[in-house]
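Here are a few friendly notes to read alongside the model. They start at one helix and work outward to the cores, the ring pairs and some backbone details.

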Amino acid sequence: MIENYSIAKIKSKQPWFVLCAAEEYSVKVSNIPFVSHFYSFESASSEVTNAIPDGCIDILFDCDSSKPKATVCGTTLGAEAVEFTYKHRYFGVRFSATSTPNFLNLSASELINQRPEFKDIALKINDLFEQVASQESFTNQVLLFSKFLIKHGIRNHSSLSKQVVQYIFVNKGNVQIKELEDITGYTCRTIQRQFLLDTGMTPKTFCRIVRVQSALYEINLNTHTKPSELAYRLGFSDQAHFTREFKALTNTTPNHYVNRIEESMYLDKVKFY
């Protein structure tokens, strides 16, 4: 597989935003450990697109000059409709998977499938919202928000949950709960309880998300990859099971997704800063 630091760090995350919402999608990979990347685009369509599960929290600014707003987007557990306003400019920060910012006054589980207004649930933001929303420069928006994020940080996970997250990532989501018991020395019940407390998800749910995100990532970098081969490599029992899981989380089939990637020149749309 082709390995590129920038592409590898953002992986797929929200491919429909790139495919459907933008003609050009600007990305700045972050040096902040708990941030995946910053992104910006001008909406090229008012058509409804999809947010898909990626295990990440986003803060998304609509930088409209007359009525700016910002939304906190908790990770979804299935494909969900998202609508962008035509010709509006958007700026976003995507946190690393399972990371929850310190300055939000909701728990990780309370953010799952939710999209509250940033100003309603964020603490200590002062005039940050106005500063970020009014900036026309993507680079300046990144600098402003980076300083704020470094100052306030994220909530600490237990060492148990950190170990589970790392193991699931390394194995691309192809993990059984018995394996987690073996590598951590804790019971299934303890692992489940602590992981849910720290991330808002069960380990099984996170495994589903990582497996499908791994499939998206591989397809994005190599459209010649066959779904049947992907199903085998990612540990699905058969291609039919893989297709069902893929569709449940992305709202399309692997074959249709491959066709969309080939038609859209996906990687050419992403511009790294």
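1. A good place to begin is the far end of a helix. Asparagine 251 follows α12, and its phi is positive, near 70 degrees. Please keep in mind throughout that this is a predicted model.

2. Now step back into the helix itself. Helix α12 covers residues 239-250, and its end C-alpha atoms are 16 Å apart. That agrees with expectation, because 12 residues at 1.5 Å a residue should span 16 Å. At the N-terminal end, aspartate 238 acts as a cap: one of its side-chain oxygens lies 3.2 Å from the backbone nitrogen of alanine 240.

3. Which residues of α12 are buried? They are Phe242, Glu245, Phe246, Leu249 and Thr250. Viewed down the axis of α12, the buried residues fall within an arc of 110 degrees, so they line one face of the helix. Their packing partners are α2 (15-21), β3 (48-51), α10 (203-221), α11 (227-233) and α13 (254-264).

4. Phe246 also turns up in the largest nonpolar core, which has 50 residues. Together with Tyr25, Phe41, Phe84, Phe206 and Tyr257, Phe246 is listed among the residues with the most contacts inside that core. Helix α10 supplies the largest share of this core, with 8 residues. There is also a second, separate core of 29 residues, and its members include Ala70, Leu111, Phe129 and Val132.

5. Tyrosine 257 deserves a closer look. The residue is buried, with a relative accessible area of 0%. If neighbours within four places in sequence are set aside, tyrosine 257 is in contact with Pro15, Trp16, Leu19, Leu216, Ile219, Asn220, Phe246 and Thr252.

6. One of those contacts leads to the aromatic pairs, of which the structure holds 25. The ring centres of tryptophan 16 and tyrosine 257 are 5.7 Å apart and the planes stand at 90 degrees, so this pair is edge-to-face. Because tryptophan 16 lies in helix α2 and tyrosine 257 in helix α13, the pair ties together parts that are 241 residues apart in sequence. Tryptophan 16 is buried, with a relative accessible area of 5%.

7. Another pair is worth finding on screen. Phenylalanine 61 and phenylalanine 145 have ring centres 5.7 Å apart and planes at 85 degrees, so they too form an edge-to-face pair. Phenylalanine 61 sits in strand β4 (residues 58-62) and phenylalanine 145 in helix α6 (residues 138-152), so the pair ties together parts 84 residues apart in sequence. Both phenylalanines, 61 and 145, are buried.

8. This second pair belongs to a wider group. Ring pairs link Phe61 and Phe145 with Phe38, Phe91, Phe103, Phe118, Phe129, Phe138, Phe148 and Tyr273 into a cluster. Phe129 is also a member of the second core.

9. Finally, a word on the backbone. Most residues other than glycine have a negative phi. Lysine 87 is not a glycine, yet its phi is positive, at about 75 degrees. Threonine 98, also not a glycine, has a positive phi of about 75 degrees.

10. Where do these two residues lie, and are they buried or exposed? Lysine 87 is in the loop between β6 (80-83) and β7 (89-95), and is partly exposed, with a relative accessible area of 49%. Threonine 98 is in the loop between β7 and α3 (108-111), and is buried, with a relative accessible area of 8%.

Note on methods: Residues are numbered from 1 along each chain as its sequence is written. This is a predicted model: local features need pLDDT of at least 70, side-chain atom pairs count only at pLDDT 80 or more; totals for chains, interfaces and linings use all residues. Side-chain values use heavy atoms; hydrogens and water are left out. Helices (H or I, at least four residues) and strands (E, at least two) are DSSP runs, numbered from the N terminus. The expected span of a helix is 1.5 Å times one less than its number of residues. Buried means under 20% relative accessible area, exposed over 50%, partly exposed in between (1.4 Å probe, protein chains only). The arc is that of the directions from the helix axis to the C-beta atoms. Contact means heavy atoms within 4.5 Å. A polar contact is a pair of N or O atoms within 3.5 Å; within protein, one must be able to donate a hydrogen and the other to accept it, and residues adjacent in sequence count only if both atoms are side-chain atoms. A nonpolar core is a set of buried Ala, Val, Leu, Ile, Met, Phe, Trp, Tyr and Cys residues joined through side-chain atoms within 4.5 Å. Rings of Phe, Tyr and Trp (its six-membered ring) pair if their centres lie within 6.5 Å; planes under 30 degrees apart count as stacked, over 60 as edge-to-face and the rest as tilted.
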